[in-house]
Amino acid sequence: MLQAGNTEAAVLTPWTRLYRRTRFHRAAFVAELKVDGVCFTQKEQDQPHAASTGGMGLCCEYKCPELEKETEVGGLWLKPGVGILRRKEKEWTALDETTAEALPCLLESGKDTAVFTTQTPLINETAYEEQRTLHLQPGKLTLEVRLRNIGIKTLHLLEYCHNFVSLGETPVGPGQRLLLPAVENSKEIQAAGELIPTSTGIRWPQTPEKAFFRPKLPARKAEPAWRLEMENGTRAVEESVSFSPCWVSLWGTNYCVCAEVYQSLTLRQGEEASWRRTWKFEL
């Protein structure tokens with residue numbers, strides 16, 4: 001647990017039993033965040049007609065399908081952020097409940113800071129070093145990442161964060177709006193009964209009865225990238241990123257909203273990338 005003034009964040013360790021799936025990054029996984037006792041995060045829970053993938057709070061992910069496809073069936077492949085998996089006949093999916101050999105990780109933590117450092121073994125010519133630092137301040141959380149390719153193969157990754165957020169226990173619906181500055185043209189978001197596009201983002205005519213999903217919305221650099229707020233200005237949560245996003249995807253339901261800001265990473269042998277994600281929470 002990290003704490004700074006009126007703000008606390010429950011952070012899972014890579015070896016926790018609370019999350020043993022193979023989708024989300026196991027280091028710097030923020031399961032819950034509260035300000036003055038008000039919880040701004042939710043569990044993913046079961047989506048309509050689909051099983052849950054075990055997400056909660058602020059949990060990041062690397063997409064890396066090439067690393068699996070380049071591995072022979074029965075061979076080992078490295079899933080960044082997760083561990084070492086054995087290639088099956090059927091390709092890995094987000095709902096996969098297979099086990100993974102955990103990656104070595106050193107955790108150094110204080111009252112308001114946690115640093116996760118990983119250096120992987122070489123698996124099928126793939127290896128990396130990564131340092132993930134969480135720093136908590138009153139009403140603010142920052143994640144800083146440094147990733148270095150120490151393998152032989154070039155790393156091609158998509159990196160993003162699932163932000164399962166809400167404005168306390170208030171259901172998503174009228175009186176709330178999601179601003180999307182990082183989306184090039186929010187008016188192009190397809191309208192449906194569960195949401196209404198506006199010139200600055202979306203709003204809800206009523207609490208959604210089913211989950212909605214808008215993938216790969218063309219993006220631009222903007223600060224913040226997105227902001228969920230009460231129209232009366234009493235509560236808000238927003239995320240800013242240090243990079244230029246390649247797209248933004250949007251998922252949501254009656255209890256939470258998840259705006260996902262993607263970046264594309266290509267690291268040749270010996271190359272390094274650094275970036276930052278910052279969340280602010282307002283009461």
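A residue counts as buried when its relative accessible area is under 20%. Keep that in mind for what follows. The model I am showing is predicted.

I start with salt bridges. There are 14 of them in this model. R277 pairs with E239, and their closest N and O atoms are 2.7 Å apart. R277 sits in strand β22 and E239 in strand β19, so this pair ties together parts that are 38 residues apart in sequence. R277 has a relative accessible area of 0%, so R277 is buried. E239 is also at 0%, and therefore buried.

Strand β22 also holds E272, which forms a salt bridge with R146 at 3.7 Å. R146 is in strand β12, 126 residues away from E272. Here E272 is partly exposed, at 40%, and R146 is partly exposed, at 28%.

A third pair is R23 with E61, at 3.0 Å from N to O. R23 is in the loop between β2 and β3, while E61 is in strand β5. Both R23 and E61 are buried. There is also a network of salt bridges that links R177, R227, E229, E238 and E282.

Next, cysteines. How many disulfides does a search of the whole structure find? Zero. A disulfide needs two sulfur atoms within 2.5 Å. For C258, the closest cysteine sulfur is in C256, 6.7 Å away, so no bond is possible. For C39, the closest is again in C256, at 11 Å, which is too far as well.

Last, one sheet. Strands β6, β7 and β8 form an open, antiparallel sheet in that order. The edge strands are β6 and β8. β6 and β7 pair over four bridges, and K79 has G83 in β7 as its bridge partner.

How values were computed
Residues are numbered from 1 along each chain as its sequence is written. This is a predicted model: local features need pLDDT of at least 70, side-chain atom pairs count only at pLDDT 80 or more; totals for chains, interfaces and linings use all residues. Side-chain values use heavy atoms; hydrogens and water are left out. Two strands pair if DSSP finds at least two bridges between them. Helices (H or I, at least four residues) and strands (E, at least two) are DSSP runs, numbered from the N terminus. A salt bridge is a side-chain nitrogen of Lys or Arg within 4 Å of a carboxyl oxygen of Asp or Glu. Buried means under 20% relative accessible area, exposed over 50%, partly exposed in between (1.4 Å probe, protein chains only).
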